[in-house]
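Welcome! Take a moment to turn the model around, and then read on for a short tour of its main parts.

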Amino acid sequence: MQIGIGYDLHKLVKGRRLILGGVEIPYPQGLLAHSDGDVLVHSIIDALLGALGEGDIGQHFPDTDEQYKDIKSLILLGKVKEMLKKKGAEIGNIDATVLAERPKIAPYVKEMKENISRTLKIEKEKINIKAKTNEGLGFIGKGEGIAALAVVSLKVVEKWKRR
Ligand code: MG
């Protein structure tokens, strides 16, 4: 069993769509990033790469690379899924928390789980997504940005044991 942790944060700005867990959430602001700014998916990617011992999202999908400009983060997650497969790693579970003062995340959690489960080809029951506000404190509390944390567990089958 191998464990990984992921964290991400992006700034909320006008003129961007708000994408979390691959769901477009109606809101007057979106997350500023080279990609679609999906902090939830980014934190899950970092947790998966961490559990694999494969560095971080920036090393694999640099924000200086034009091919990743405004890319859907679910596509990047799909690429990480391929890495897992190559390394003989199976996801045990994913647990994530979104930190956002606004908008309300809970109504979208079901669809987020469906997107992530479809992309990673794992059961929805293996994915847990929680949402919290920051009680009005700090930049998250003031609605200046949204952050996400994720932890994953992987079962890695040694090469010689694979069939
Ligand atoms: Mg990010």
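## Helix α4 across the sheet

Helix α4 (residues 109–120) lies across the strands β5 (89–99) and β6, and runs at about 145° to β6. Helices here are DSSP runs of H or I with at least four residues, strands are runs of E with at least two, and both are numbered from the N terminus. Angles run from 0 to 180 degrees between N-to-C directions, with axes fitted as lines to C-alpha atoms, for helices over the stretch in contact. This is a predicted model, in which local features need pLDDT of at least 70 and side-chain atom pairs count only at pLDDT 80 or more, while totals for chains, interfaces and linings use all residues. Residues are numbered from 1 along each chain as its sequence is written, and side-chain values use heavy atoms, with hydrogens and water left out.

How far should the 12 residues of α4 span? At 1.5 Å a residue the expected value is 16 Å, and the end C-alpha atoms of α4 are 16 Å apart, which agrees. (The expected span is 1.5 Å times one less than the number of residues.)

## What α4 packs against

The buried residues of α4 are V109, M112, N115, I116, S117, T119 and L120. Buried means under 20% relative accessible area, exposed means over 50%, and partly exposed lies in between, using a 1.4 Å probe and protein chains only. An α-helix has 3.6 residues a turn, so residues three or four places apart point the same way. The partners of these buried residues are β2 (18–20), β3 (23–25), α1 (39–52), α3 (73–86), β5 and β6; contact means heavy atoms within 4.5 Å.

With α3, the axis of α4 comes within 9 Å and crosses at roughly 35°. This crossing is right-handed, meaning that the near helix is turned clockwise from the far one by less than a right angle, whereas anticlockwise would be left-handed. On the α3 side the contact is made by L74, L77, G78 and K81, and on the α4 side by N115, I116, T119 and L120.

## The sheet

Now for the strands. An open sheet is formed by 5 strands in the order β4-β1-β7-β5-β6, with mixed pairing. The strands β4 (29–31) and β6 (127–132) stand at the edges with a single partner each, so one side of each is left without a neighbour in the sheet. On average, neighbouring strands of this sheet are turned by 20° against each other, direction ignored. Two strands count as paired if DSSP finds at least two bridges between them.

Strand β5 pairs with β7 (residues 145–156) in the antiparallel sense over 10 bridges, and E90 stands opposite K155 in β7. By contrast, β5 and β6 run parallel and are joined by 6 bridges, with T97 opposite K130 in β6. Strand β1 (residues 2–14) pairs with β4 in the antiparallel sense over 3 bridges, and K14 stands opposite Q29 in β4.

## Helix α1 and I44

Helix α1 is mostly covered, with 13 of its 14 residues buried. One residue of α1 is I44, which counts as buried because its relative accessibility is 0%. I44 touches L77, I94, I116 and A150, not counting residues up to four places away in sequence. After α1 comes G53, with a positive phi near 70°.

## The magnesium site

Which residues hold the protein donors of the magnesium ion? They are D8 (OD), H10 (NE2) and H42 (ND1), lying 2.1 to 2.2 Å from the ion. Donors are N, O and S atoms within 2.8 Å of the metal (3.2 Å for Na, K and Ca), and water is not among the atoms, so sites may look incomplete. Along the sequence, the donor residues are spaced D-x1-H-x31-H. D8 and H10 are both buried.

## Unusual backbone spots

Most residues other than glycine have a negative phi, and most peptide bonds are trans. In the loop between β5 and α4 sits P103, and the peptide bond from R102 to P103 is cis, with omega near -10°.

K121, in the loop between α4 and β6, has a positive phi of about 55° although it is not a glycine. K121 is exposed, with a relative accessible area of 64%. E135 lies in the loop between β6 and α5 (138–141), and its phi is also positive, near 55°. At 69% relative accessibility, E135 counts as exposed.
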